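Biologist: Please take a close look at one part of this model, the metal site together with the molecule bound beside it. I would like one connected account, with the cut-offs behind each term.

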Amino acid sequence: MSVNDEKDVRSDEDTIHQFAAPASYFELTNEEQGRILQFQQEVLELVVLGNDYREICEKVCLLIEQLLEDAVATVMLLDKEKQCMNVFAAPSVPEACIVQLNGLRPGPDSGSCGNAVFRQEAVFIESTLDDPRWQSIRQLAIDFNILSCWSMPVRSKGGECIGSFALSSFVRRLPNTYHRKLLEIGSFIIGIALEQQKVNEQLNLSSKVFENSAEAILITDANKVIIAINKALNKLTGYAEKDVLGKSVSIMLSKRHSSKFFQKIWASVKQFNHWQGEIWNRDKHKREYPAWFNITPVRSHDDSINYYLINFSDITDKKRSDEIIWRQANYDSLTGLPNRNMFYDRLNQSIKNAARLETKLAVLFIDLDRFKEVNDSFGHSVGDALLVEAAKRLNSCVRETDTVARLGGDEFTIILSGINDQQSAEIIIQTILLELVKPFNLGTKLAYVSASIGVTYFPDDANSADLLMKNADQAMYAAKNNGRNCWSCFTSNMRVATKIRSKTAYELRSALRDHQLFLLYQPIVELVSGNVYKAEALIRWQHPERGTIGPDEFISIAEETNLITDIGDWVFKQAVNQAIVWQETFNIGFQISINKSPKQFISKMSDWVNYLNRLGINGQSIVVEITENLLLDAHELVVKQLLNYRDAGVQVAIDDFGTGYSSLSYLKKFDIDYLKIDQSFIANLDNESNDRILCEAIITMAHRLGMKVIAEGVETNSQKQLLKAMGCDYGQGYFFSKPLPADRFEAFIQHQV
Ligand code: C2E
Ligand code: MG
Ligand code: MG
């Protein structure tokens, strides 16, 4: 058909109004109808054969070009993001023209296609060379001899304009009904083809996601029969399609769960359209593993379930790391016992149970005696090994249902539940004490410890975990004070004692300022001559309400509250001043011993030596009494201060010798001047005891190492005589004199002289 045959040539104005409505078949001739039918059939075949969508569009262009001579067809698509149009299919348009068309912005002057998209309606332009709607791309019309151009919007299924379909003629003309029909059908089919392409792309994407997902995915029908699985499922379970397609989904599952468990899951899927959780699976090789499941139903229009979409992953590793984290948070890594956290959990739980069952509960607080010494002398790895062994022994003493925990360091706690009477708890406590005094064989080392145990009962003593723990702790301290290796039951007196302790701590703050502290002096007698030119300064507190208080009642409190440094400095200065006086009145070599607690060494570097230098008095005027254990703790400050004393001539005595962990090498290393044999050995001297042998040994050893020996707590003449016979250098004790105020001390000396 030639353009010249056109019967229906109309003006622009007419076109716009007349073509708003679709062209009607009834206006077509029979022949035209036939051609259109043929055209539709051919295009349909293309679609059905599943050709590529660009190919379909190009074929549509070519078919239409066959039906309209002197014209070329173009499909342009709108790039919504960039708001411009690009050529999608134009098999007969020269490449140079396509290049110029690409990037066309829809607008009132951007040609027929730009207008069709801009106005969202068909645009028929008879003369491109002078129509204002072609203004911005006029050169294109000139360059490629396009004289007229008709364009129609291509719409998606939802009616949205996604591009244009155009016929450009090399002659000036307007479309007749037949042409419009061709355009309509063309743009419609192209719309469908492009829509289909989108759907197919999405399907393609979905299937790619399905296939390449890292999670195992399976699809079942409504009866939970597997109809599809992905690669990841095969990799995880070992099952191939042939193993599982047509089988029930239960092939994936282990037998660990009851059928009730699964009934609940499927009910939840139905009700909430989703379920997720942990299920134990079993793979093709019968390995069972925990899996995290997601189950989603796929419903049809009537809401009935057609399929189930199930994905899952192996969470063995995650569970393992969760478990490790949980263990770290709740268990002690050294002994494997529950830690403080877990202990409190269990205690709270046990309290609830005991309240419900109306039974008793015993809480034990166990502190190992002398553990620090084992640690210090044998090293931490031996200390650790001892704790592990102690934990085992503790566990062996209790029932499976009881809890043994480690709070930290050498502190353990035990919950004994279901106790009917305190007696049954006491039997267990006795067993524990016996177990812990047995020697600990730790590789090459043999270590000895014991335990101090505090016990309290629910509901008798307290009904909260915190209070029970406080009680048990106080009772344990009472056991320590009772000489260790024993147990003590919480009493309300302990609570009172604790209160008194905190009141004392409060009052002690002002004691120094208010001059309530004073020193007593106990003579230290040279056994051979009976001469006294040494004394030990012993502190007292003149309490305004309680009268005179001894150091045993407040020194440990001063240590806890760090008041000991100030108190100690005061004692030192007081003693130095007294020494100066007595050196003038009695003996130029008069010497005063003062006690210095470990806390004083560690809190700061003392400036005692400077003080002595400033006063210009001999370092030998002072003896510092320390305990054996201080030497074990080779704290940098301890070493420094001891060496400082040695250089200044200040002498050092080991107090209470024989009660701590002693090491000859330490005594030598630190240049110790005196050993003070503890009064507990002296007390037994009279009867034929081991203590006598021990004393003799200590004296001999001390003399060999160049040290002098002072016997403490000499209360009888026979003790004095025995010590003298053994070669002991000095004696101190009630036999000679009790600790005395300075003036009475002076009288004592004068009396002696
Ligand atoms: P310590 O250094 O072993 O002092 C000897 C203790 O034994 C003194 O007790 C003394 O009164 C007592 N004692 C002396 N002879 C006898 C005796 O024949 N029989 C008996 N049973 N006891 C006797 P005190 O004065 O109660 O002091 C107790 C502890 O307090 C001292 O033991 C010492 O470790 C500490 N202490 C005393 N004054 C101070 C001080 O100024 N600073 C520090 N850090 N601790 C001090
Ligand atoms: Mg002393
Ligand atoms: Mg002593």
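Modeller: D655 bridges the magnesium ion (ligand 3) and the magnesium ion (ligand 2), and the two ions lie 4.2 Å apart. This is a predicted model, in which local features need pLDDT of at least 70 and side-chain atom pairs count only at pLDDT 80 or more, whereas totals for chains, interfaces and linings use all residues. Residues are numbered from 1 along each chain as its sequence is written, chains are lettered from A and ligands numbered from 1 in the order in which they are written, and side-chain values use heavy atoms, with hydrogens and water left out.

The magnesium ion (ligand 3) is coordinated by D655 (OD), D656 (OD), E712 (OE) and E712 (OE), at 2.0 to 2.5 Å. Donors here are N, O and S atoms within 2.8 Å of the metal (3.2 Å for Na, K and Ca), and since water is not among the atoms, sites may look incomplete. Along the chain, the donors of this ion (ligand 3) follow the spacing D-D-x55-E. D656 lies in strand β23 (residues 651-657) and E712 in the loop between β25 (708-711) and α27 (717-726), so the pair ties together parts that are 56 residues apart in sequence. Helices (H or I, at least four residues) and strands (E, at least two) are DSSP runs, numbered from the N terminus. D656 counts as partly exposed at 27% relative accessibility, while E712 counts as buried at 7%; buried means under 20% relative accessible area, exposed over 50%, and partly exposed in between (1.4 Å probe, protein chains only).

For the magnesium ion (ligand 2), the protein donors are E536 (OE), N595 (OD1), E625 (OE) and D655 (OD), lying 2.0 to 2.2 Å from it. These donor residues of ligand 2 are spaced E-x58-N-x29-E-x29-D in sequence. Distant parts of the chain are linked by the pair E536, in strand β19, and E625, in strand β22 (residues 622-627), which are 89 residues apart. E536 counts as buried at 3% relative accessibility, and E625 is buried too, with a relative accessible area of 1%.

Several of these metal donors return around ligand 1, which is surrounded by 23 residues, the closest being E536, N595, D655, E715 and Y734; a residue is near a molecule or strand if one of its heavy atoms lies within 4 Å of it. The residues of this shell around ligand 1 divide into eight nonpolar, seven polar and eight charged, where Ala, Val, Leu, Ile, Met, Phe, Trp, Tyr, Cys and Pro count as nonpolar, Asp, Glu, Lys and Arg as charged, and the others, Gly among them, as polar. Strands β19 (532-543) and β23 each supply at least two residues of the shell, and β19 gives the most, with four residues.

Three atom pairs describe how ligand 1 meets the protein. A nitrogen atom of ligand 1 is 2.5 Å from an N or O atom in the side chain of E715, an oxygen atom of ligand 1 is 3.0 Å from an N or O atom in the side chain of E712, and a nitrogen atom of ligand 1 is 3.2 Å from a polar backbone atom of I539. The protein covers 83% of the 790 Å² of accessible area that ligand 1 has on its own, with accessible areas taken from the Shrake-Rupley method with a 1.4 Å probe.

Technical notes:
Polar contact = N/O pair within 3.5 Å; in protein donor to acceptor, adjacent residues only side chain to side chain.
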